[in-house]
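Please open the model in your viewer and keep the selection panel at hand. The stops below are to be taken in order.

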Amino acid sequence: QVQLVESGGGLVQAGGSLRLSCTASGSIFSIDTMGWYRQAPGKQRELVASMSTGGRINYADSVKGRFTISRDNAKNTVSLQMSSLKPEDTAVYYCNLKTNKFMGRVYEYWGQGTQVTVSS
């Protein structure tokens with residue numbers, strides 16, 4: 001079993017910054033990507049940013065140039081530095097981990113979520 005523990009959410013004014021962190025622990029055998037998703041009230045969960053173990057990065061268009069994802073592969077951590085925050089960034093942010101294929105299957109794990117609220 002894999003556990004993802006997030007930290008760093010909170011309330012910030014528009015234009016401010018926050019940093020989210022997530023640490024994975026447990027029976028981790030081979031990580032492909034770690035990243036962040038978010039879900040605002042009444043909306044579907046969406047990808048914010050992801051990073052593969054090889055360094056391939058993917059950002060949502062809405063956060064490009066404002067958010068930066070980073071990973072420490074040795075420590076199984078992923079962080080998201082969020083700058084120039086906007087009220088529309090308000091959501092619950094979820095850490096996500098996807099494994100490489102094992103016995104033909106990719107395993108996916110989620111953190112419990114951390115609230116980010118941006119006031120105008």
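The tour visits a sheet and then a group of aromatic residues.

This is a predicted model, in which local features need pLDDT of at least 70 and side-chain atom pairs count only at pLDDT 80 or more, while totals for chains, interfaces and linings use all residues. Residues are numbered from 1 along each chain as its sequence is written, and side-chain values use heavy atoms, with hydrogens and water left out.

**The sheet**

Select β1, β3, β8 and β7, which in that order form an open sheet of 4 strands with antiparallel pairing. Strands are DSSP runs (E, at least two residues) numbered from the N terminus, and two of them pair if DSSP finds at least two bridges between them. At the edges stand β1 (2–7) and β7 (67–72); each has a single partner strand, so one side of each is left without a neighbour in the sheet. From one strand to the next, the twist averages 15°, with axes taken as lines fitted to C-alpha atoms and angles running from 0 to 180 degrees between N-to-C directions.

Next, select β1 with β3 (residues 18–26), an antiparallel pair with 6 bridges. Here Ser7 is opposite Ser21. Moving on to β3 and β8, one again finds antiparallel pairing over 6 bridges, and Ser21 faces Ser79 of β8.

Now isolate β8 (residues 77–82): 5 of its 6 residues are buried, so this strand is largely enclosed by the rest of the structure. Buried denotes under 20% relative accessible area, exposed over 50%, and partly exposed in between (1.4 Å probe, protein chains only).

Add β7, which runs antiparallel to β8 and is joined to it by 6 bridges; Thr68 stands opposite Gln81. In the hairpin of these two strands, with 4 residues between them, Asn76 has a positive phi near 55°.

**The aromatic cluster**

Select Tyr37, Tyr94 and Trp110, a cluster linked by ring pairs. Rings of Phe, Tyr and Trp (its six-membered ring) pair if their centres lie within 6.5 Å; planes under 30 degrees apart count as stacked, over 60 as edge-to-face and the rest as tilted. The whole structure contains 2 aromatic pairs. The ring centres of Tyr37 and Trp110 are 5.0 Å apart with planes at 70°, so this pair is edge-to-face. It links distant parts of the chain, Tyr37 in β4 (residues 31–39) and Trp110 in β10 (residues 108–110), 73 residues apart. Tyr37 is buried at 17% relative accessible area, whereas Trp110 is partly exposed at 34%.
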